[in-house]
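Trainee: Please take a close look at the enclosed empty space in this model. I would like one connected account.

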Amino acid sequence: MAFLADALARIKPSATIAVTDKARALKAAGRDVIGLGAGEPDFDTPANIKAAGIKAIETGKAAKYTAVDGIPELKAAISAKFKRENGLDYKPSQIIIGTGGKQVLFNALMATINPGDEVIIPAPYWVSYPDMVLLAGGTPVVVEGAMQNGYRITPEQLEAAITPRTKWLILNSPSNPTGAGYAIEHMRALTQVLMRHPQVWVLADDIYEHLVFDDFRFVTPAQVEPGLKSRTLTMNGVSKAYAMTGWRIGYGAGPEELIRAMAKLQSQSTSNPCSISQYAALAALQGPQDYIAESRAVFQRRRDLVVAGLSACPGIDCPVPQGAFYVYPSIAALIGKTSAGGTQIVHDEAFATALLNETGVAVVFGAAFGLSPHFRISYATSDAVLADACARIRAFCEGLR
Ligand SMILES: Cc1ncc(COP(=O)(O)O)c(C=O)c1O
């Protein structure tokens with residue numbers, strides 16, 4: 001009898017966490033390493049949010065279990081957030097709070113997928129989507145969003161991917177790993193397709209909602225097409241918007257039946273998300289929102305710095321993202337070359353490995369996100385570090401033969 005569960009053999013560890021761990025280990029061993037793998041803001045959590053967490057500890061409010069799906073005050077604040085920012089009406093009974101957006105997604109997929117159910121995942125995708133679907137016993141159906149189309153899938157591609165077994169479409173805008181966003185006309189083209197297929201549910205991963213640049217306007221599917229709201233889970237969280245990745249608070253809103261099923265699952269796994277963090281998230285949503293505009297301005301400046309730096313590297317083609325804090329350049333022109341250190345760049349993983357070994361810059365290779373040959377840089381780090389990284393990448397590219 002096998003000791004480990006068969007389900008585990010279907011999945012792999014997160015490639016982004018693996019790169020981050022490797023960079024950390026090399027650094028600890030004394031190497032001069034620049035880690036551009038981690039997907040989290042480099043800022044500290046704003047002071048008013050931290051203070052709310054401390055107060056929750058000191059006043060004893062954080063001492064006990066809370067309701068499995070979150071404290072009523074936070075649910076009310078989330079309901080108000082959806083109304084204020086997205087024009088969406090969700091009652092507290094249609095909201096669940098989890099340990100990060102990641103748990104909300106996990107719960108939704110585990111609570112709904114039966115063997116053979118298909119989940120459409122546009123590529124390049126966030127690394128966890130396909131593995132969560134596989135763990136739940138479903139079948140990921142990957143649809144490629146080409147670089148030439150701004151990394152977006154087209155309505156024709158969506159139509160062609162839908163079958164009677166399609167249960168979910170996962171949409172992530174702005175996207176990890178590309179930073180690409182679906183503007184209203186692109187979103188509407190997809191929601192029109194979805195309206196023709198009532199069996200398909202929509203999982204809208206809006207975690208990067210507030211990190212949008214230039215004149216890009218964020219929209220979410222249930223807002224663009226109210227007819228889809230009864231089969232949409234709108235997921236969001238405080239991790240990226242308020243520099244709170246470590247606090248682990250995410251939330252989802254959708255039909256009560258789905259939310260109840262997700263809460264049932266959560267009641268038999270983690271129970272409530274951390275009580276301290278829930279009070280901190282409450283302060284984030286109810287307090288001053290200045291931090292969002294400030295961080296957005298910083299990230300936009302860094303995006304411009306990185307896009308310019310990478311565009312100066314021979315063989316790298318770097319589109320300009322609309323949001324998030326990632327760039328996802330193509331290295332198609334570098335495949336087949338050999339690095340100064342003697343590594344043949346046979347694919348993007350070889351590129352990332354040689355880059356780390358020869359220059360100390362840690363990036364994540366595109367195959368991990370389902371679209372090659374590319375790599376992802378997270379530019380959530382200081383301007384000086386980014387300038388240094390771009391200079392090293394340029395020297396590396398110039399040394400390729
Ligand atoms: C696209 C996307 N969705 C969801 C998450 C989950 O974030 P969290 O669990 O911190 O809320 C992440 C985090 O990296 C992400 O990039």
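Mentor: The whole structure holds two cavities of 30 Å³ or more. A cavity here is a set of points, on a 1 Å grid over the protein atoms alone, where a 1.4 Å probe fits but cannot get out, and lining residues have an atom within 4 Å of a point. Points are joined across faces, edges and corners, and volume is the space filled by probe spheres set on them. The model is predicted, with local features needing pLDDT of at least 70 and side-chain atom pairs pLDDT 80 or more, whereas totals for chains, interfaces and linings use all residues. Residues are numbered from 1 along each chain as its sequence is written, and side-chain values use heavy atoms, without hydrogens and water.

The largest cavity encloses about 120 Å³. Its lining has 14 residues, with P122, P124, Y151, N172 and S175 nearest the centre. That lining comprises ten nonpolar, four polar and no charged residues (Ala, Val, Leu, Ile, Met, Phe, Trp, Tyr, Cys and Pro count as nonpolar, Asp, Glu, Lys and Arg as charged, the others, Gly among them, as polar).

The second largest cavity has about 40 Å³. Among the residues lining this second cavity are K81, E85, H210 and Y251. Its lining divides into four nonpolar, three polar and three charged residues. α4 (72-86) and β7 (232-237) each supply at least two of them; helices (H or I, at least four residues) and strands (E, at least two) are DSSP runs, numbered from the N terminus. K81 is also one of the buried residues of α4, buried being under 20% relative accessible area with a 1.4 Å probe, protein chains only.

Key: On a 1 Å grid over the protein atoms alone, a cavity is a set of points where a 1.4 Å probe fits but cannot get out, and a pocket is an open set with protein on both sides within 12 Å along at least five of seven lines; lining residues have an atom within 4 Å of a point. Buried means under 20% relative accessible area, exposed over 50%, partly exposed in between (1.4 Å probe, protein chains only).
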